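The exchange below concerns one predicted model. Please look at the chain before reading on.

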Amino acid sequence: MHQCTITLKSPIPYHAPSSQSHPIFPHNPRVTQSQSYPILAPICTRAHSVFNSTRRLDISAPKHTPNSNSNPINGSVHDLKSKSAGVKDIDVATLGNLCVDIVLNVPKLPPPDVHDRKAYMDRLSASPPDKQHWEAGGNCNMAIAAARLGLHCIAIGHVGNEVYGQFLVDVLHDEGIGMVGMCENTNVDSSSASYETLLCWVLVDSLQRHGFCSRADFSKDPAFSWMSKLSEQVKTAIKQSKILFCNGYGFDELPPGVIVSAVEYAVEVGTALFFDPGPRGKSLSAGTPEERGALSQLLRMSDVLLLTSDEAESLTGIENPISAGQELLKQGVHTKWVIVKMGPRGSILITRSSISCAPAFKVNVIDTVGCGDSFVAAIAYGFIHNMPAVNTLAIANAVGGATAMGCGAGRNVATLEKVIELMKASNLNEDDDFLDELLDENLEVQAIKSLSKLVINGSENQPNCVSLQKVVSELLPKLKLTQLQKKVPC
């Protein structure tokens, strides 16, 4: 049984629009300084070839035109078959969690009672909102942020053969992102609700508090429980990707067995796994045997784990986030990095031999939705480019912070221009006392580094400070080159 929650954001400075500067570090897209009310067991655009319902790959498909009727709704992807089997020419593939966010201002948020809340959502659904309220959500956020950093991205997932599905395909295409559909059944009833694009209602009250609800909240089964295996097209996409990104919300759509199949195949073909359990991690750890098994597989087999400090404690029982990260490393089979997100205090990257820390950037916070996804995209950028850990955290903090300066996620996530502007400003929220408190334990590592405006060589269990100016001078040329390349016509 799924644990469904309403997340209420209190009208505190961390989220509310303000003319003042507040430090921001990206949380998971739906994780905020919040109260949770449990209800139920919750570079330039590329030409794409097309995976259509006849189960073949059309290598010679013409370049997609938005809203074109010639483009099959459930899956377009660049030429997969023409590539050598060993070539990984895709940087990042996201797995599942493709949804359309319907962002509405409402007098009051949904009631906590599950039946009342279902009736509330049904009333909203009865009158489809104007398209101006639609936005790409879920893993689209991560893919868009990564593509804007110059990474070659695809989205693996299911969307329905209706206006919402077409909207997502168009948004992804416009951002230069291909799509691989997961539905091979040519005899499906496209009018069935179980095949429709997943909608997430993002509701904002007069106090700027947020509530989230979707049809996945009201079923014990995943939204697309009819899926049973990975198609050959999906396997090809995973094989040709450097990174496969999964998050806890994927369990709302995909059966645990399908997720485990993707994990096992990624490991088999040498594709790095990124996993962010998010708030679903806690409910999955107390879920069905299949959910618990899939969660365990993801935690053990992922190359990179990304969690908030609360999530790390929930999964390990260890309060100190660094010690919790080290425990996750010990339990992991392939785990190289554990990254702990510390909210406005920054982020920490833990390996078996080192700890790297980076304070958050101070920004004018407008909306924190999508910051976590943007952060993951930049971690993928650093991972793929083999960047030093502190540099990777710095750019991730900047991308997450730049997203917080906008309103909403989807196409509103950080632009490259905003990221460059934020890094040039180099306004860090340093908190040496907090860092000292975290490091005041026998951490048994060889190296501790921290991003700082000052350069100080640390003593035992104290960090060596890495110059922010040096890191920025190394990152800006890469970002500006990407910016220039994106301006060159295809």
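What follows is a short set of questions and answers.

The model is predicted, so local features need pLDDT of at least 70, side-chain atom pairs count only at pLDDT 80 or more, and totals for chains, interfaces and linings use all residues. Residues are numbered from 1 along each chain as its sequence is written, and side-chain values use heavy atoms, with hydrogens and water left out.

Reader: Is strand E16 largely enclosed or not, and how many of its residues are buried?
Author: Strands are DSSP runs of at least two E residues, numbered from the N terminus, and helices are runs of H or I with at least four. Buried means under 20% relative accessible area, with a 1.4 Å probe and protein chains only. On one side of E16 Val304, Leu306 and Thr308 are buried, and on the other Leu305 and Leu307. E16 (residues 304-308) is largely enclosed by the rest of the structure, because the buried residues are 5 of the 5.

Reader: Which residue in E17 is the bridge partner of Leu306?
Author: Two strands pair if DSSP finds at least two bridges between them. E16 and E17 (residues 337-341) pair in the parallel sense over 5 bridges. In E17, Leu306 has as its partner Ile339.

Reader: Which residue stands opposite Leu305?
Author: Strand E15 (residues 272-276) runs parallel to E16, joined by 2 bridges. The residue opposite Leu305 is Phe275.

Reader: Is Phe375 buried or exposed?
Author: Phe375 belongs to helix H10 (residues 371-384). Its relative accessibility is 0%, so Phe375 counts as buried.

Notes: Buried < 20%, exposed > 50% of the residue type's maximum accessible area, 1.4 Å probe, protein only.
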